[in-house]
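Biologist: Before I rely on the labels attached to this model, I would like to hear how each of them was reached. Could we go through them one by one?

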Amino acid sequence: MSTIDHDTTRDTTRDTTAGGAGDPGLEGADTLVRHLSAEECWELLEDHELGRIGYRLVDEVHVVPVNYAVVDRTLLIRTDAGNKLLAAALESDVALEIDSVESLADGRRVAWSVLVRGHARVLGEDEAHRYDDLPLVPWVATPKWEVVAIVPDAVTGRRFQLVPA
(Lines give C-alpha, C1' and ligand atoms only; values in the text may rest on other atoms or scores of the structure.)
Protein backbone atom coordinates (compact mmCIF):
# COMPACT_ATOMS: atom_id res chain seq x y z
CA MET A 1 0.00 0.00 0.00
CA SER A 2 1.16 3.50 -0.48
CA THR A 3 2.34 5.78 2.27
CA ILE A 4 -0.31 8.36 1.45
CA ASP A 5 -2.35 9.33 4.51
CA HIS A 6 -6.00 8.89 3.61
CA ASP A 7 -7.30 10.01 6.98
CA THR A 8 -9.93 12.53 5.97
CA THR A 9 -10.53 13.64 9.54
CA ARG A 10 -7.59 16.01 9.38
CA ASP A 11 -6.42 18.28 6.62
CA THR A 12 -2.88 19.56 6.37
CA THR A 13 -3.45 21.94 3.45
CA ARG A 14 -4.58 25.56 3.38
CA ASP A 15 -7.19 25.11 0.62
CA THR A 16 -8.86 21.88 -0.40
CA THR A 17 -11.81 23.28 -2.29
CA ALA A 18 -10.28 24.16 -5.66
CA GLY A 19 -10.49 21.93 -8.70
CA GLY A 20 -13.75 20.42 -9.85
CA ALA A 21 -14.65 16.79 -10.48
CA GLY A 22 -13.64 17.10 -14.13
CA ASP A 23 -10.39 18.95 -13.39
CA PRO A 24 -7.43 16.54 -13.50
CA GLY A 25 -5.23 19.07 -11.72
CA LEU A 26 -5.39 21.49 -8.88
CA GLU A 27 -6.13 25.18 -9.18
CA GLY A 28 -4.33 27.85 -7.20
CA ALA A 29 -0.81 27.92 -5.85
CA ASP A 30 -2.00 27.23 -2.32
CA THR A 31 -3.87 24.06 -3.24
CA LEU A 32 -1.60 21.14 -2.54
CA VAL A 33 -4.10 18.44 -1.60
CA ARG A 34 -7.77 18.08 -2.44
CA HIS A 35 -10.01 15.42 -0.96
CA LEU A 36 -11.95 13.54 -3.61
CA SER A 37 -15.68 13.12 -3.23
CA ALA A 38 -17.16 9.64 -3.03
CA GLU A 39 -18.42 10.06 -6.59
CA GLU A 40 -14.95 11.02 -7.85
CA CYS A 41 -13.46 8.00 -6.08
CA TRP A 42 -15.99 5.63 -7.65
CA GLU A 43 -15.41 7.16 -11.11
CA LEU A 44 -11.68 6.47 -10.76
CA LEU A 45 -12.32 2.95 -9.49
CA GLU A 46 -14.64 2.27 -12.43
CA ASP A 47 -12.15 3.71 -14.95
CA HIS A 48 -9.28 1.49 -13.79
CA GLU A 49 -8.75 -2.22 -13.35
CA LEU A 50 -5.47 -2.66 -11.49
CA GLY A 51 -4.96 -2.15 -7.78
CA ARG A 52 -3.19 -3.52 -4.74
CA ILE A 53 -5.09 -5.44 -2.11
CA GLY A 54 -3.84 -5.65 1.45
CA TYR A 55 -5.07 -8.15 4.00
CA ARG A 56 -3.92 -9.82 7.20
CA LEU A 57 -3.56 -13.54 7.75
CA VAL A 58 -2.65 -14.53 11.30
CA ASP A 59 0.41 -12.36 12.03
CA GLU A 60 1.40 -11.44 8.46
CA VAL A 61 0.24 -8.57 6.29
CA HIS A 62 0.02 -9.34 2.57
CA VAL A 63 -0.12 -6.77 -0.24
CA VAL A 64 -0.51 -8.05 -3.79
CA PRO A 65 -1.52 -6.60 -7.15
CA VAL A 66 -4.96 -7.60 -8.45
CA ASN A 67 -7.14 -6.75 -11.37
CA TYR A 68 -10.71 -5.96 -10.39
CA ALA A 69 -14.10 -4.89 -11.69
CA VAL A 70 -16.72 -2.67 -10.07
CA VAL A 71 -20.32 -3.87 -9.89
CA ASP A 72 -22.89 -1.97 -7.85
CA ARG A 73 -20.19 -0.31 -5.77
CA THR A 74 -18.62 -3.64 -4.86
CA LEU A 75 -15.18 -4.65 -6.12
CA LEU A 76 -14.81 -8.13 -7.59
CA ILE A 77 -11.61 -10.10 -8.12
CA ARG A 78 -10.97 -13.61 -9.41
CA THR A 79 -8.55 -15.87 -7.60
CA ASP A 80 -7.70 -19.50 -6.98
CA ALA A 81 -6.65 -21.44 -3.89
CA GLY A 82 -4.20 -19.44 -1.81
CA ASN A 83 -3.90 -16.60 0.66
CA LYS A 84 -6.40 -14.21 -0.99
CA LEU A 85 -9.05 -16.92 -1.04
CA LEU A 86 -8.33 -17.88 2.56
CA ALA A 87 -8.56 -14.24 3.66
CA ALA A 88 -11.92 -13.93 1.86
CA ALA A 89 -13.20 -17.19 3.36
CA LEU A 90 -12.39 -15.74 6.79
CA GLU A 91 -14.17 -12.50 5.75
CA SER A 92 -11.03 -10.58 6.61
CA ASP A 93 -10.75 -6.83 6.66
CA VAL A 94 -9.08 -5.70 3.47
CA ALA A 95 -7.93 -2.53 1.76
CA LEU A 96 -7.60 -1.93 -1.96
CA GLU A 97 -5.66 1.03 -3.30
CA ILE A 98 -5.31 2.50 -6.79
CA ASP A 99 -3.23 5.50 -7.77
CA SER A 100 -1.72 7.36 -10.70
CA VAL A 101 0.58 10.24 -11.59
CA GLU A 102 -0.44 12.53 -14.46
CA SER A 103 1.47 15.23 -16.35
CA LEU A 104 -0.58 18.30 -17.24
CA ALA A 105 -0.22 20.43 -20.37
CA ASP A 106 1.26 23.29 -18.31
CA GLY A 107 4.11 21.08 -17.07
CA ARG A 108 2.74 20.42 -13.59
CA ARG A 109 2.36 16.90 -12.33
CA VAL A 110 -0.51 15.76 -10.17
CA ALA A 111 -1.20 12.45 -8.51
CA TRP A 112 -4.27 10.85 -7.07
CA SER A 113 -4.93 7.91 -4.82
CA VAL A 114 -8.14 6.09 -3.86
CA LEU A 115 -8.37 3.75 -0.89
CA VAL A 116 -11.21 1.30 -0.30
CA ARG A 117 -11.52 -0.22 3.17
CA GLY A 118 -13.91 -3.08 3.77
CA HIS A 119 -14.12 -6.83 4.07
CA ALA A 120 -13.76 -9.68 1.62
CA ARG A 121 -16.13 -12.55 1.07
CA VAL A 122 -16.13 -15.51 -1.31
CA LEU A 123 -19.13 -15.57 -3.62
CA GLY A 124 -21.08 -18.79 -3.85
CA GLU A 125 -21.09 -20.63 -7.18
CA ASP A 126 -24.50 -19.33 -8.31
CA GLU A 127 -23.66 -15.74 -7.38
CA ALA A 128 -20.21 -15.99 -8.97
CA HIS A 129 -21.64 -17.21 -12.30
CA ARG A 130 -23.59 -13.95 -12.66
CA TYR A 131 -20.21 -12.28 -13.27
CA ASP A 132 -18.81 -14.69 -15.86
CA ASP A 133 -18.92 -11.99 -18.54
CA LEU A 134 -16.90 -9.42 -16.58
CA PRO A 135 -13.49 -8.49 -18.01
CA LEU A 136 -11.61 -10.12 -15.13
CA VAL A 137 -8.83 -11.79 -17.07
CA PRO A 138 -5.92 -13.14 -15.03
CA TRP A 139 -2.43 -11.90 -15.83
CA VAL A 140 -1.09 -15.43 -15.73
CA ALA A 141 -2.74 -18.11 -17.87
CA THR A 142 -3.99 -20.11 -14.90
CA PRO A 143 -7.64 -20.72 -14.09
CA LYS A 144 -9.13 -18.40 -11.48
CA TRP A 145 -12.52 -19.87 -10.72
CA GLU A 146 -13.25 -18.23 -7.38
CA VAL A 147 -14.82 -14.77 -7.26
CA VAL A 148 -14.17 -12.60 -4.22
CA ALA A 149 -16.21 -9.52 -3.41
CA ILE A 150 -14.69 -6.61 -1.55
CA VAL A 151 -17.57 -4.95 0.26
CA PRO A 152 -16.57 -1.36 1.08
CA ASP A 153 -17.03 0.22 4.49
CA ALA A 154 -15.19 3.41 3.47
CA VAL A 155 -13.94 4.90 0.20
CA THR A 156 -11.60 7.88 0.36
CA GLY A 157 -9.27 9.62 -2.03
CA ARG A 158 -7.01 12.57 -2.57
CA ARG A 159 -5.58 14.45 -5.52
CA PHE A 160 -2.36 16.33 -4.88
CA GLN A 161 0.18 18.45 -6.70
CA LEU A 162 3.66 16.99 -6.89
CA VAL A 163 6.83 18.91 -6.22
CA PRO A 164 8.30 20.19 -9.52
CA ALA A 165 11.02 17.95 -10.90
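Biologist: Why is Arg108 called partly exposed?

Modeller: In this predicted model, Arg108 has a relative accessibility of 27%, and because the class of partly exposed residues lies between under 20% for buried and over 50% for exposed, Arg108 belongs to that class.

Biologist: What makes the contact between Arg108 and Asp106 a salt bridge?

Modeller: The closest N and O atoms of Arg108 and Asp106 are 2.8 Å apart, and since the definition asks for a side-chain nitrogen of Lys or Arg within 4 Å of a carboxyl oxygen of Asp or Glu, the pair counts as a salt bridge. Asp106 itself is exposed, because its relative accessible area of 52% falls in the class over 50%.

Biologist: How do you know that Glu127 forms a salt bridge with Arg130, with the closest N and O atoms 3.7 Å apart?

Modeller: The value of 3.7 Å for Glu127 and Arg130 still satisfies the cut-off of within 4 Å, so the label holds. Glu127 also meets the side chain of Arg121 in a salt bridge, at 2.9 Å from N to O. Glu127, with a relative accessible area of 22%, and Arg121, with 26%, are both partly exposed, whereas Arg130 is exposed at 59%. Elsewhere, salt bridges that share partners join Arg52, Glu97 and Asp99 into one network, and a search of the whole structure finds ten salt bridges.

Biologist: Why is Ser113 counted as buried?

Modeller: Ser113, which lies in strand β7, has 0% relative accessibility, and because buried means under 20%, Ser113 falls in that class. The side chain of Ser113 is joined to that of Glu97 by a polar contact of 2.8 Å, a value that satisfies the limit of within 3.5 Å.

Biologist: How do you know that β6 and β7 pair?

Modeller: Pairing requires at least two bridges, and β6 and β7 are linked in the antiparallel sense over eleven bridges, so the condition is met. Ser103, for instance, has Arg109 in β7 as its bridge partner. The two strands form a hairpin with five residues between them, and in the turn Gly107 has a positive phi of about 95 degrees. By the criterion of at least two bridges, β7 and β8 also pair, in the antiparallel sense over 13 bridges, with Val110 standing opposite Gln161 in β8.

Biologist: Which residues touch the most other members of the largest nonpolar core?

Modeller: Of its 25 residues, Leu45, Ile53, Leu96, Ile98 and Val114 touch the most other members. At least two residues of this core come from each of α1, β2, β5, α2, β6, β7 and β8. Another core, of nine residues and including Ala69, Leu76, Ala128 and Leu136, lies apart from it. In soluble globular proteins, nonpolar side chains tend to be buried together.

Biologist: Why, then, is Trp139 called exposed?

Modeller: Trp139 has a relative accessible area of 59%, and because exposed means over 50%, the label follows for this residue. Trp139 is found in the loop between α3 and β8, and together with Leu50 and Val140 it makes a nonpolar surface patch of about 350 Å².

Methods: Residues numbered from 1 in each chain as written. Predicted model: local features only at pLDDT ≥ 70, side-chain atom pairs only at ≥ 80, totals over all residues. Heavy atoms only, no water. Patch = residues over 30% accessible without salt bridge, like charges linked within 9 Å, V, L, I, M, F, W, Y side chains within 5 Å. Areas by Shrake-Rupley, 256 points an atom, 1.4 Å probe, with all protein chains shown as cover. Helix = DSSP H or I, 4+ residues; strand = E, 2+ residues; numbered from the N terminus. Buried < 20%, exposed > 50% of the residue type's maximum accessible area, 1.4 Å probe, protein only. Core = buried A, V, L, I, M, F, W, Y, C linked by side-chain atoms within 4.5 Å. Polar contact = N/O pair within 3.5 Å; in protein donor to acceptor, adjacent residues only side chain to side chain.
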